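Please open the structure in a viewer and keep the selection tool at hand. The tour below proceeds from stop to stop, stating at each one what to select and what is found there.

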Amino acid sequence: MNSLWENIPKYSRFESLNQDLKTDVLIIGGGITGILCAYLLHQADVPYALVEAETVCSGITKNTTAKITSQHGLIYSKLIRRLGTERAKQYLQANEAALEQYRKVCGGIDCDFEKKDAYVYSLDSRKKIEKEAEALVQLGFPASFSDSLPLPFPVAGAVKFPNQAQFNPLKFVFSITEGLHIYEHTKVNELAGTTAFTRKGKMKAKKIIIATHFPFINKHGCYFLKMYQHRSYVLALENAQDTGGMYIDAAQKGLSFRNSGDLLLLGGGSHRTGKKGGNWQELRAFARRYYPASTERYHWATQDCMTLDGVPYIGPYSAGTQDLFVATGFNKWGMTSSMAAAMLLCDMVQGKQNPFAEVFSPSRSILRPQLAINGLEAAVNLLTPAKKRCPHLGCALKWNPYERTWDCPCHGSRFTKNGRLIDNPATGNLKK
């Protein structure tokens, strides 16, 4: 089960760290967020090192649909209502700045970067779409309303975001990592202040950035309460439609569409990790109905960290930790959010002010309805009898028959049939 993006050679391979190290900034995690932090610090001549437990982008990054866009569902009307116009504008501007930074970096490399319009549509609520369009007008963004899309079904309405983009994420990463200070197969086993310990040494830093998808430190920040994980599925179809843009249903369990070369990427079948969902069966049923002449070339799945209010956590790890920073909770919009996070964190570790820091603050209010849902899910699964339990916080694991994995419905850790760790926040394999 490899994604479309993995069908390329790796351009860079990095040694493991076999000695002690001192640096200004230590980045833990070699997904696209950590890589972008390293890239921007390298450009700024700030001493840094990045360590990755496996190989760069071997986790979530390789399974993205690779859309670079400020269109994140119907988020702007919600942000105005919950946080006010100023915070909503900060969120929009941060993502537009990230998109512009991608344009600059991708201009000189081969990564299949393409300008595309992005659309969020609704199958049944024109009113919701109109409300989002009005919110974007209020924020000064040139969005527009449409009641017809080049998709194989009618929609109640859609909001168009012009001049967004898509790319090949692994081509991008392997192009920008050349010359960066990266160590693969270097797992951090323990942190003490800003000193990280591995099996073969220790790394002393002035500041540390945690970019491990789901943060692995439980005693600070309460991320095990502030987030849950969500799985989504993708088919790459040959002889299907060229949609000409990027499209996503406003409903969380809806479908997404975008093309890559001669392939249509059809996404959906989503569900909370550890729960039941449509998975690839739902997508294949859709393809048989609407694209009967198509052929499946690739299929894969991904996993996203979902926050309480739909906004990522980027900034100081907690109010009580100094010199420790985090980027997580990208809510299915990891490509744009990873660049926004890297730009913000690289300012922070240099002591610079950033105009978008407040909207992404990990220490903002957690009093949201999703908090009760997360707490209830954890309580139920902690009390559920089970032969296999997650080593993260002890929740009962659920067998996923479609992917043949053990999945944690509390926080999203996943394990192979034989107990090998696939996805965090757990940091080790299942005990036999």
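## First stop: two histidines with positive phi

Select H185, which is placed in the loop between β7 (182-183) and β8 (190-192). The model is a predicted one. The backbone of H185 has a phi near 50°, a positive value in a residue other than glycine.

Next, select H213, in the loop between β10 and α6. H213 also departs from glycine while carrying a positive phi, here about 70°. With a relative accessible area of 22%, H213 counts as partly exposed, because that class lies between the limits of under 20% for buried and over 50% for exposed.

Remain in this region and select H220, which lies in the loop between β10 (201-210) and α6 (223-226). H220 is partly exposed, at 26% relative accessible area. To gauge the extent of the model, draw a distance from the C-alpha of H220 to that of A156: the two residues are 64 positions apart in sequence and 44 Å apart in space.

## Second stop: salt bridges between separate elements

The structure holds 16 salt bridges. Select K206 and D24, whose closest N and O atoms are 3.5 Å apart in a salt bridge. This pair links distant parts of the chain, with K206 in strand β10 and D24 in strand β1 (residues 21-28), 182 residues apart. K206 is exposed, at 56% relative accessibility, whereas D24 is partly exposed, at 24%.

Then select K171 and D112, which form a salt bridge with the closest N and O atoms 3.3 Å apart. K171 belongs to helix α5 (residues 169-176) and D112 to the loop between α3 (85-106) and β4 (114-122), so the pair ties together parts that are 59 residues apart in sequence. Which partner is buried? K171 is, with a relative accessibility of 16%. D112 is partly exposed, at 38%.

## Third stop: helix α4 and a positive patch

Move to helix α4 and select E130 with R126. Their side chains meet in a salt bridge with an N to O distance of 2.9 Å. Both residues lie in helix α4, four residues apart, about one turn of the helix. E130 is partly exposed, with a relative accessible area of 33%, and R126 is partly exposed as well, at 37%. Elsewhere, salt bridges that share partners join R231, E403, D407, R414 and D423 into one network; these five residues may be selected together.

Return to helix α4 and select K131, which lies in that helix. K131 is partly exposed, with a relative accessible area of 45%. Now extend the selection to K78, R81, R82, K127 and K128, which together with K131 form a positive surface patch. The elements that give two or more residues to this patch are α2 (75-83) and α4 (126-138).

## Fourth stop: buried polar side chains

Select R364, in the loop between α8 (334-349) and α9 (369-383). R364 is buried, with a relative accessible area of 15%. Which backbone oxygens does the side chain of R364 reach? The backbone oxygen of V311 lies 2.5 Å from a polar atom of the R364 side chain, and the backbone oxygen of P312 is reached at 3.2 Å.

Proceed to Q166, which is placed in strand β6 (residues 157-166). At 1% relative accessibility, Q166 counts as buried. A polar atom of the Q166 side chain lies 2.8 Å from the backbone oxygen of N259.

## Last stop: a contact across the sequence

Finally, select A118, in strand β4. A118 is buried, with a relative accessible area of 1%. Add Y247 to the selection and display the C-alpha atoms of both residues: A118 and Y247 are 129 residues apart along the chain, yet their C-alpha atoms are separated by 5.9 Å. This separation may be set beside the pair visited earlier, H220 and A156, 64 residues apart in sequence and 44 Å apart in space, C-alpha to C-alpha.

Notes: Residues are numbered from 1 along each chain as its sequence is written. This is a predicted model: local features need pLDDT of at least 70, side-chain atom pairs count only at pLDDT 80 or more; totals for chains, interfaces and linings use all residues. Side-chain values use heavy atoms; hydrogens and water are left out. Patches are made of residues with over 30% relative accessible area and no salt bridge: like charges are joined within 9 Å, nonpolar side chains (Val, Leu, Ile, Met, Phe, Trp, Tyr) within 5 Å. Accessible areas come from the Shrake-Rupley method with a 1.4 Å probe; for residues, only the protein chains shown count as cover. A salt bridge is a side-chain nitrogen of Lys or Arg within 4 Å of a carboxyl oxygen of Asp or Glu. Lys and Arg count as positive and Asp and Glu as negative; His and the chain ends are not counted. The place of a charge is taken as NZ of Lys, CZ of Arg, CG of Asp or CD of Glu. Buried means under 20% relative accessible area, exposed over 50%, partly exposed in between (1.4 Å probe, protein chains only). A polar contact is a pair of N or O atoms within 3.5 Å; within protein, one must be able to donate a hydrogen and the other to accept it, and residues adjacent in sequence count only if both atoms are side-chain atoms.
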